Amino acid sequence: MGRVVILGIFVADTAYRAERQPRMGETILGRSFALGPGGKGSNQAVAAAMAGAEAHIVTRLGRDAFADIALATWGRAGVQLAVTRSDSYTGAAYIFIEEATGNNAIIVAQGAAAEISAADVEANADLIGVARVFVTQLEQPIPAALRGLQIARGAGVTTILNPAPAADLPAGMLALCDYVTPNESEAEALTGLPVASPEQARAAARALLAAGAGAAVITLGGQGALFHDGTQTVHVPIYRAGPVVETTGAGDAFNGGFAAALAAGMAPVDAVRFGSATAGISVTRP
């Protein structure tokens, strides 16, 4: 389906299910615990690879048991590696999952991935330059993400920025993005506009294009996704593949599927549909 290069981080997800989060100073009993792979870049690379793309990840890992989880995960999915090892720890994430709804709250400690630099990206410029699609997010340092977008844009590679978690972007960064893919809260942080409906997402998408992005794809959870490129606006509903079990990683599944579809040559709106279907499958399992 084409080569997708993803710059991002791996973290080991420590996922706790409980009726609610504890208050400060309080201890409560949880319903379950799971340890598994996470990190937006890693999740997106796995989703792209499992969707059929030739997916590569550019990242940093420590030398520990959590790094072993990363390597095993990428091996099973078929993700190809451009990995630098570090003396720091491999990143980890605390994930609280609300038992009744499957909704989540997350804290990420980047570990070795916090050391990803523009120099790391430069070292992989040849790989990025022959991709069909380049994807990055904001969990690794922004200078690295910016350099990756610059290299990809200079080589004529399609660029996707998933601006998560929300952060202030350097001037001109959005202008390097063929597609920017925020969720509701990230779109609001970038534009200052409320985003709670497809109509409000359209206004935010116009603001993102005015700031330089080529097209905006705003994911809206249960309300689907909105695509806007200045000439057409399409609201893509969610795909229901079964009962919702857990929403963790749904946005990453969307981005990985979307990137794989673009790399395969799909039209942008069809790629959004493909990404939405990928996310719809992802939420039916832990």
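Q: Let's start with T219: buried or exposed?
A: T219 is buried, with a relative accessible area of 14%. Buried here means under 20% relative accessible area, exposed is over 50%, and partly exposed is in between, using a 1.4 Å probe and protein chains only.

Q: Before I go on, what am I looking at?
A: It's a predicted model, so local features need pLDDT of at least 70 and side-chain atom pairs count only at pLDDT 80 or more, while totals for chains, interfaces and linings use all residues. Residues are numbered from 1 along each chain as its sequence is written, and side-chain values use heavy atoms, leaving out hydrogens and water.

Q: Thanks! Where does T219 lie?
A: T219 belongs to strand 11, residues 216-219. Strands (E, at least two residues) and helices (H or I, at least four) are DSSP runs, numbered from the N terminus.

Q: And what is T219 in contact with, leaving aside neighbours within four places in sequence?
A: T219 touches P182, N183, E184, G224, A225 and F254. Contact means heavy atoms within 4.5 Å.

Q: F254 is in a helix contact too, right? Which residues of helix 8 and helix 9 make the contact, and how do the two helices pack?
A: Helix 8 (residues 250-263) and helix 9 (residues 268-282) pack at about 145°, and their axes are 7 Å apart. From helix 8 come A250, A253, F254, G257, F258, A261 and L262, and from helix 9 come P268, A271, V272, F274, G275, S276, T278, A279 and S282. Axes are lines fitted to C-alpha atoms, for helices over the stretch in contact, and angles run from 0 to 180 degrees between N-to-C directions.

Q: How do the residues of that contact divide into nonpolar, polar and charged?
A: There are 11 nonpolar and 5 polar residues, and no charged ones. Ala, Val, Leu, Ile, Met, Phe, Trp, Tyr, Cys and Pro count as nonpolar, Asp, Glu, Lys and Arg as charged, and the others, Gly among them, as polar.

Q: Switching to the sheet: in what order do its 4 strands come?
A: The order is 3-2-6-7, in an open sheet with mixed pairing. Strand 3 (32-38) and strand 7 (104-111) are the edges, each pairing on one side only. From one strand to the next, the twist averages 15°.

Q: In what sense does strand 2 pair with strand 6: parallel or antiparallel?
A: Strand 2 (residues 11-18) and strand 6 (residues 90-98) are parallel, over 8 bridges. Strand 2 and strand 3 are antiparallel, over 7 bridges. Two strands pair if DSSP finds at least two bridges between them.

Q: What stands opposite R17?
A: R17 has S32 opposite in strand 3 and I97 opposite in strand 6. As another example, T14 has Y94 as its bridge partner in strand 6.

Q: How many residues of strand 2 are buried?
A: Of its 8 residues, 7 are buried, so strand 2 is largely enclosed by the rest of the structure. Helix 2 (residues 65-77) lies across strand 2, strand 3 and strand 6, at about 65° to strand 3.

Q: Back to I97. Buried or exposed?
A: I97 is buried, at 1% relative accessibility. Beyond its neighbours within four places in sequence, I97 contacts A15, Y16, R17, A18, G102, N103, E246 and T248.

Q: Now rings: how many aromatic pairs does the structure hold?
A: There are 5 aromatic pairs. One of them is Y16 with Y94, tilted because the centres are 5.7 Å apart and the planes at 40°. Y16 in strand 2 and Y94 in strand 6 are 78 residues apart. Rings of Phe, Tyr and Trp (its six-membered ring) pair if their centres lie within 6.5 Å; planes under 30 degrees apart count as stacked, over 60 as edge-to-face and the rest as tilted.

Q: How exposed are Y16 and Y94?
A: Y16 is partly exposed at 36% relative accessible area, and Y94 is partly exposed at 26%. Ring pairs link Y16, F33 and Y94 into a cluster.

Q: And what about Y179 and F258?
A: Their ring centres are 5.3 Å apart with planes at 90°, so the pair is edge-to-face. Y179 sits in strand 10 (residues 179-180) and F258 in helix 8, 79 residues apart. Both Y179 and F258 are buried.

Q: Last one: is the peptide bond from A164 to P165 cis or trans?
A: The bond is cis, with omega near -5°. P165 is in the loop between strand 9 (158-161) and strand 10.
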